[in-house]
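The following exercises ask the reader to work from a set of coordinates to a description of the fold. Each task is followed by a solution in steps.

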Amino acid sequence: MTPDGTPISSVELANAVEDFERLASLVEETGGRVDITAGGELVGVLLPAADLAELEHRARQGHGAPWPVPDEAPERVPGPEQHGPYTRYLHADGLRMTLTRGRVIVAEVRSARELAWLEEKAGRGRGCMDPKQSAAFAEFLASQSHSAPPNDPSQELDPHLEETEVRQVYDAWLRIKRWMRTHAPVSYMSLNPGASQEEISSAERALGVEIPADLKALWSLHNGVRSGHGEAFLISNARLMSIAQSVELHRHWGNNYDFPDDPDDPDGLWDHGWIPVCTLGEHSWANGLFLDAGTGELSSWDEHANHQVEYESLTSYLEEMADALEVPGLCTSARPGLQRGALVWGVPDYPDPAHPWVEFTG
């Protein structure tokens, strides 16, 4: 499907059976889905095998059990059929189908009803996470729901505010990861597993400030990235820092520019509440973005300690990135592109003729 949820193609059931070679190739090349109709009514969907595996995994997390296997059809199931380079296997229920190429599963056919059930149940799961990441995120959510209320009743926040912030970060990040998994696998593979609640709590002690919920959520999903090509994939080619790197850089700027003794000192060059989130570029700490724990704003810094607000929040930064990837024509600055399987924003300053940057147009 395209980002707005529409299928890449639609075909009548009778024609689908005769044309599985073209349809399977379309699904494999685009990563999209094909609607299968009967008399104009949606009856099934041909989708990438990886998408179905993810849906079933997430549905299992959200519901506790997968979709029940349908009863076997009364007739004998026919043998495999060749459709060009693809082999089609009809399941015992007479409805499900599996398409393989070179003994690798590339696509599946599921009924519209089954797929709707899976998608509804999967919405309660974690999505796009391995078991360790899912467990860390679940631990984080549990800790948030049991956090102590403020001592000052006048400062009490909406009890659903942090939960909303967490969900917004999760939703935006899920959109980004899905895009990278399909289009920029090198950047996708650079992501580290999520941090544990203890690692996040330890960072709060080291920083001396409470980490905002949106950054906690992001770190619980991924504790930075691995070094290498493709790691600086955030907007402006920024690199997500790990917790340890953020604490180290926070200490570095505090030592070099002195934390102000007076929190209200307008001449303070670096503040305790400024938490480094990402650096601009793969190997330099001279420029980057930090999250103001007091205001929630995401600001830039440079090697001269200049700083200015860039985004109203970390969430808005991630949502803008997700929007730009899904609808690149809306970009007003550097557009997303691909180079050697990695996401790169704008034409590189030092082009590589052997591996040219290709703008992503959707």
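**Exercise 1. Two aromatic pairs**

Trp301 has a relative accessibility of 3% and counts as buried. The model under study is a predicted one.

*Task.* Classify the geometry of the pair formed by the rings of Trp179 and Phe360, and state which parts of the chain this pair ties together.

*Solution.*
1. The structure holds 5 aromatic pairs. In one of them, the ring centres of Trp179 and Phe360 lie 5.0 Å apart and the planes meet at 85°, so the pair is edge-to-face. The cut-off applied here is that planes over 60 degrees apart count as edge-to-face.
2. Trp179 belongs to helix α6 (residues 161-183) and Phe360 to the segment after β15 (358-359), so the contact ties together parts that are 181 residues apart in sequence.
3. Trp179 is buried, at a relative accessible area of 6%. Phe360 also counts as buried, with 12% relative accessibility.
4. Trp253 and Trp301 likewise form an edge-to-face aromatic pair, with 6.4 Å from centre to centre and 70° between the planes. This pair links distant parts of the chain, 48 residues apart: Trp253 lies in helix α10 (residues 243-257) and Trp301 in strand β11 (residues 298-301).
5. Trp253 is buried as well, with a relative accessible area of 5%.

**Exercise 2. The buried side of a helix**

*Task.* Determine which residues of helix α2 (residues 20-30) are buried and how they are placed around the axis.

*Solution.*
1. The buried residues of α2 include Phe20, Leu23, Ala24 and Val27.
2. These residues cover an arc of only 95° around the axis, which puts them on the same side of α2.
3. An α-helix has 3.6 residues a turn, so residues three or four places apart point the same way.
4. Just after α2, Gly31 adopts a positive phi of about 75°.

**Exercise 3. Strand pairing around β9**

*Task.* Describe how strand β9 (residues 274-280) is covered, and identify the strands to which bridges join β9.

*Solution.*
1. Strand β9 is mostly covered, with 6 of its 7 residues buried.
2. Strand β8 (residues 238-240) runs antiparallel to β9 and is joined to it by 3 bridges. Within this pairing, Leu240 stands opposite Cys278 in β9.
3. Strand β10 (residues 288-292) is also antiparallel to β9, and 5 bridges connect the two. Here Pro276 stands opposite Phe290 in β10.

**Exercise 4. The order of a sheet**

*Task.* Establish the strand order of the open sheet that 7 strands form, and name its edge strands.

*Solution.*
1. The order is β1-β2-β3-β7-β6-β5-β4, and the pairing is mixed.
2. The edge strands are β1 (9-12) and β4 (81-83), each of which pairs on one side only.
3. Direction ignored, neighbouring strands of this sheet are turned by 25° against each other on average.
4. Strands β6 (residues 97-101) and β7 (residues 104-111) run antiparallel and are joined by 5 bridges. In β7, Val104 is the bridge partner of Arg101.

**Exercise 5. The protein as a whole**

*Task.* State how many helices and strands the protein has, and what share of its residues counts as buried.

*Solution.*
1. The secondary structure comprises 11 helices and 15 strands.
2. Of the 362 residues, 45% count as buried.
3. Among contacts with a separation of 6 or more, 56% are between residues 24 or more positions apart.
4. The protein exposes about 18500 Å², of which carbon and sulfur atoms supply 51%.

Methods
Residues are numbered from 1 along each chain as its sequence is written. This is a predicted model: local features need pLDDT of at least 70, side-chain atom pairs count only at pLDDT 80 or more; totals for chains, interfaces and linings use all residues. Side-chain values use heavy atoms; hydrogens and water are left out. Buried means under 20% relative accessible area, exposed over 50%, partly exposed in between (1.4 Å probe, protein chains only). Helices (H or I, at least four residues) and strands (E, at least two) are DSSP runs, numbered from the N terminus. Two strands pair if DSSP finds at least two bridges between them. Axes are lines fitted to C-alpha atoms, for helices over the stretch in contact, and angles run from 0 to 180 degrees between N-to-C directions. Contact means heavy atoms within 4.5 Å. Accessible areas come from the Shrake-Rupley method with a 1.4 Å probe; for residues, only the protein chains shown count as cover. The arc is that of the directions from the helix axis to the C-beta atoms. Rings of Phe, Tyr and Trp (its six-membered ring) pair if their centres lie within 6.5 Å; planes under 30 degrees apart count as stacked, over 60 as edge-to-face and the rest as tilted.
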